[in-house]
Amino acid sequence: MTLEMEIKDLLVFSDSNLLVHQTFKEWITRDSNILPYHCSLLELANKFRSLEFWHIPRVRNVFADALATLSSMIQHLDELVIEPIQIHLQEKPAHCLIVEKSFDGRPWYNDIKEFLKTGSYPPGADTTAKSFLRKLSSKFFLNEEVVYKRTSDLGLLRCVDEDEAEYLMKEVHSGVCGSHMNGHLLAKKIMRTGYFWLTMEHDCVVFVRKCVKCQLHGDVMRTPPTELHSMTAP
């Protein structure tokens, strides 16, 4: 493409240190699969008046990789057309479906409950937060003062707060009928029981890791099949 545009001076940036050194003939190309490409590159290099290769670290080339991937997904009828790409830089990181612990005594579903009841938004919510709350609330159902989570099979799971979630994990995991299952199975069993909270799978995994009986009687990985005995060197 650069030859068709009659470009004589070219500066190439590459995150491959191997490619740069092989192009300058500082390193020898030994791979038989790469050798034809290397010879073709040297032939093309002779067609330029000046050609330089600069190496940049791969961590600083992420943006260029993203642009290359984006350009490979777009097909133009005219190959010489170059359309500008508008890029917006966010001042703050974006978070999606992140629920933080509330220190004012309200449950995590309080904003969803108020929106389903009165259609009001939290104070200080911007346009993005309001749109996200509307989409999230469509997956919940309010019956008087109880909030339920809609499931894909048209079922309803009662939403619980932090204290109820802690009690449920304790009873289902190590209660009378508890079998000390792992965190993922614990979350699924609680959902089959009819309860839900947004971070239940992560909370169940953390809860199982802190269980003393699971640490003492659980399967220990990478243990020898027989008892080890000390040996002395001759």
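1. In which sense do strand β4 and strand β5 pair, and over how many bridges? In this predicted model, β4, which covers residues 146-150, and β5, which covers residues 156-159, pair in the antiparallel sense over three bridges. Within this pair, lysine 149 stands opposite leucine 157 of β5. The hairpin that β4 and β5 make has five residues between the strands, and leucine 154 in that hairpin takes a positive phi near 65 degrees.

2. The pair belongs to an open sheet of four strands, whose order is β3-β4-β5-β6 and whose pairing is mixed. The strands β3 (140-143) and β6 (195-196) stand at the edges with a single partner strand each, so that one side of each is left without a neighbour in the sheet. On the β6 side, β5 and β6 run parallel and are joined by two bridges, and cysteine 159 has phenylalanine 196 of β6 as its bridge partner.

3. The two faces of β5 deserve a separate look. Leu157 and Cys159 make up the covered face of β5, whereas Leu156 and Arg158 make up the uncovered one. A reader tracing the strand may note that Leu157, on the covered face, is the residue that lysine 149 stands opposite, and that Cys159, also on the covered face, is the one bridged to phenylalanine 196.

4. The loop between β3 and β4 holds glutamate 144, a residue that has a positive phi of about 60 degrees although it is not a glycine. Most residues other than glycine have a negative phi. Because its relative accessibility is 68%, glutamate 144 counts as exposed.

5. Helix α4, made of residues 110-118, lies across β3 and β4 and runs at about 65 degrees to β3. Threonine 118 has its place in this helix and is exposed, with a relative accessible area of 53%. The side chain of threonine 118 takes part in two kinds of contact: it reaches the backbone oxygen of glutamate 114 at 2.8 Å, and a polar contact of 2.8 Å joins it to the side chain of serine 120.

6. How do the axes of α4 and α5 cross, and within what distance do they come? The two axes come within 10 Å and cross at roughly 80 degrees, which makes α4 roughly perpendicular to α5. Where the helices meet, α4 contributes Asp111, Ile112, Phe115 and Leu116, while α5 contributes Leu133, Arg134, Leu136 and Ser137.

7. Helix α5 spans residues 127-137, and Leu133, Leu136 and Ser137 are buried in it. Seen down the axis of α5, these buried residues fall within an arc of 90 degrees, so they line one face of the helix. The other side of α5 carries the exposed residues Thr127, Thr128 and Lys135. What covers the buried residues of α5 includes α4 as well as β3, and Leu133, Leu136 and Ser137 are indeed among the α5 residues that meet α4.

8. Which residues of helix α8, residues 200-209, are buried? They are Met200, Cys204, Val205, Phe207 and Val208, and, viewed down the axis of α8, they fall within an arc of 165 degrees, so they line one face of the helix. His202 and Arg209 are exposed on the other side of α8. The partners against which the buried residues of α8 pack are the helices α6 (162-174), α7 (183-193) and α9 (212-217), together with β6, a strand at an edge of the sheet.

9. Histidine 173 has its place in helix α6 and counts as buried, because its relative accessibility is 0%. Its side chain reaches the backbone oxygen of methionine 181 at 3.3 Å. Leaving aside neighbours within four places in sequence, histidine 173 is in contact with Gly178, Ser179, His180, Met181, Leu186, Phe207, Val208, Cys211 and Cys214. Two of these contacts, Phe207 and Val208, are among the buried residues of α8, and this agrees with the packing of the buried residues of α8 against α6.

How values were computed: Residues are numbered from 1 along each chain as its sequence is written. This is a predicted model: local features need pLDDT of at least 70, side-chain atom pairs count only at pLDDT 80 or more; totals for chains, interfaces and linings use all residues. Side-chain values use heavy atoms; hydrogens and water are left out. Two strands pair if DSSP finds at least two bridges between them. Contact means heavy atoms within 4.5 Å. Axes are lines fitted to C-alpha atoms, for helices over the stretch in contact, and angles run from 0 to 180 degrees between N-to-C directions. Buried means under 20% relative accessible area, exposed over 50%, partly exposed in between (1.4 Å probe, protein chains only). The arc is that of the directions from the helix axis to the C-beta atoms. A polar contact is a pair of N or O atoms within 3.5 Å; within protein, one must be able to donate a hydrogen and the other to accept it, and residues adjacent in sequence count only if both atoms are side-chain atoms. Angles under 35 degrees count as roughly parallel, over 145 as roughly antiparallel, 65 to 115 as roughly perpendicular and the rest as oblique.
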